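Reader: I would like to see how the labels on this model are earned. Show it to me, then let me press you on the terms.

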Amino acid sequence: MFGYSSSSLECNRAVYTMKHYDLIVIGAGAAGLMCAISAGKRGKSVLVVEHARKVGRKILMSGGGRCNFTNMYTEPENFLSRNPHFCKSALSQYSQWDFIDLVNHHQIPYHEKTLGQLFCDNSSKDVVQILVKECSDNGVSIATQCQVSSVEQIPTGFKLLINDQRYEAGAVSVATGGLSIPSMGPHGFGYQLAEQFGLDVIPTSAALVPFVMGERWMKKSRELAGNSLDVVAEVSNTSFREAMLFTHKGLSGPAILQISSYWQPGSAVHINLIPDVDATSWLIEQKSNAPKTQLKTVLSSKFSKRMASYFIDSFDNRIDSQKSMADFTNQELAAVGQSLSEYTVYPETTEGYKTAEVTLGGLDTNALSSKTMMVKDIPGLIFIGEVVDVTGHLGGFNFQWAWSSGWAAGQHL
Ligand SMILES: Cc1cc2nc3c(=O)[nH]c(=O)nc-3n(C[C@H](O)[C@H](O)[C@H](O)COP(=O)(O)OP(=O)(O)OC[C@H]3O[C@@H](n4cnc5c(N)ncnc54)[C@H](O)[C@@H]3O)c2cc1C
């Protein structure tokens, strides 16, 4: 087995002679490390087991290497779950302000990028170092390159097979994360455990993920790859106003990632390409202000020239873009306006877990106490973080769920 040094991100060889812990945490990601810190601060003996060589790998790769570690405006409404109330207890026990206090305590520089999203000034490593230092200060042992292969209930708690050796714990915290980025190693152990213990798992799917568009759409749109614009993207009454990016496979950018969590295969995504104005009124106003100007030129004041021609070509009602504004009837302009404010696309699919930031679905929260994150019928068995059916919006909310659920679990052992 390998132990973890708080001073570096490398492993130290160390043998864990202790075979019984108050708590064994499976997974040294954001949720698992926070759970270990929370329990360690309360004097519990804690071992965190991580199959990879490094802890906090998703933290390290997050936020483009700067980790969007929380969001100042975190509210329960920022989370998707079959039970939208489930996240409230954990979020109130450990809020974004608690994590910000921790970051301040460790004197890590950070900034708000946009919409309350807090990022490290320097590197995501700063966040991992905070967690490792807190673990070390609170007597938590971390074993990397160790895989938990089985968990069974025994009269005193649980017995676990870790790299084929038997360990025991009064409580086990399953913090194994979701299915995104399959190249990061074996996934799905948390869901397997849920099934083994007879707990329901809400079907999982890739979320916060780019859309792949069909060949016909791509044929017309490929040349726009790399262009982005501010839009409102909507799926069944949920909408997000952020940037949308044309890619070589389809559509991406924050607005698209956000709406992907609400999209069902086969359904439409409605996009307002011109969110600040009523498109029809604006076009009619342009007609009276500049009657001799071509529609294409008018649209070029809001979009790049290439995009303006693209949108005109892609409208369902074919439009002669060379015509002067004065030659359009108001009815025709209303049709153009509607096409701009209700641009509709039917994604073929998403890019899937390969590029998804998170996994939608997971352990059904019905099985858990929202206060303790413990399985109601199996004392000592805990599920936290992304493996649970609670998924945050883009913008630091997923880490906040990991911190909050991890902390809450550690407080009630
Ligand atoms: C590219 C990318 C960027 C992201 N950026 C952000 C961001 O900026 N802000 C944000 O809020 N969210 C972001 N996210 C989402 C965020 O990373 C996750 O929601 C969060 O890491 C979930 O934490 P977790 O502890 O539940 O799971 P994870 O971080 O996935 O940790 C689970 C750990 O369990 C280990 N494990 C699994 N099975 C076993 C086993 N059997 N034995 C031992 N160990 C095991 C895994 O190796 C892993 O280390 C991003 C995700 C990705 C993929």
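Author: Start at the ligand. Helix 1 (30-41), helix 2 (57-61) and helix 13 (397-411) each supply at least two residues of the shell around the ligand. Helices here are DSSP runs of H or I with at least four residues, strands are runs of E with at least two, and both are numbered from the N terminus. The model is predicted: local features need pLDDT of at least 70, side-chain atom pairs count only at pLDDT 80 or more, and totals for chains, interfaces and linings use all residues. Residues are numbered from 1 along each chain as its sequence is written, and side-chain values use heavy atoms, with hydrogens and water left out.

Reader: What makes a residue part of that shell, and how many residues surround the ligand?

Author: A residue is near the ligand if one of its heavy atoms lies within 4 Å of it. By count, 31 residues surround the ligand. The closest are Ala-31, Glu-50, Asn-68, Glu-386 and Phe-399.

Reader: How does the shell divide into nonpolar, polar and charged?

Author: It holds 14 nonpolar, twelve polar and five charged residues. Ala, Val, Leu, Ile, Met, Phe, Trp, Tyr, Cys and Pro count as nonpolar; Asp, Glu, Lys and Arg as charged; the others, Gly among them, as polar.

Reader: Why is the pair of the ligand and Glu-50 called a polar contact?

Author: A polar contact is a pair of N or O atoms within 3.5 Å; within protein, one must be able to donate a hydrogen and the other to accept it, and residues adjacent in sequence count only if both atoms are side-chain atoms. A ligand oxygen is 2.6 Å from an N or O atom in the Glu-50 side chain, so the pair qualifies. Backbone atoms join in too. A ligand oxygen is 3.2 Å from a polar backbone atom of Gly-63, and a ligand nitrogen is 3.3 Å from one of Val-148. Taken alone the ligand exposes 1000 Å², and the protein buries 94% of that. Areas come from the Shrake-Rupley method with a 1.4 Å probe; for residues, only the protein chains shown count as cover.

Reader: What makes Lys-41 and Glu-134 a salt bridge?

Author: The test is a side-chain nitrogen of Lys or Arg within 4 Å of a carboxyl oxygen of Asp or Glu. For Lys-41 and Glu-134 the closest N and O atoms are 3.1 Å apart, so the pair passes. Lys-41 lies in helix 1 and Glu-134 in helix 5 (residues 125-137), so the bridge ties together parts that are 93 residues apart in sequence. The whole structure has eight salt bridges.

Reader: Which of the two is buried, Lys-41 or Glu-134?

Author: Buried means under 20% relative accessible area, exposed over 50%, partly exposed in between (1.4 Å probe, protein chains only). Glu-134 has 6%, so it is buried. Lys-41 has 44%, so it is partly exposed.

Reader: How do you class Arg-241 and Asp-276?

Author: Their side chains meet in a salt bridge at 2.9 Å, N to O. Arg-241 is in strand 16, Asp-276 in the loop between strand 18 (269-272) and helix 9 (279-289), 35 residues apart. Arg-241, at 38%, is partly exposed. Asp-276, at 62%, is exposed.

Reader: What share of the protein chain is buried?

Author: Buried residues make up 54% of the 413 residues. The chain has 13 helices and 23 strands.
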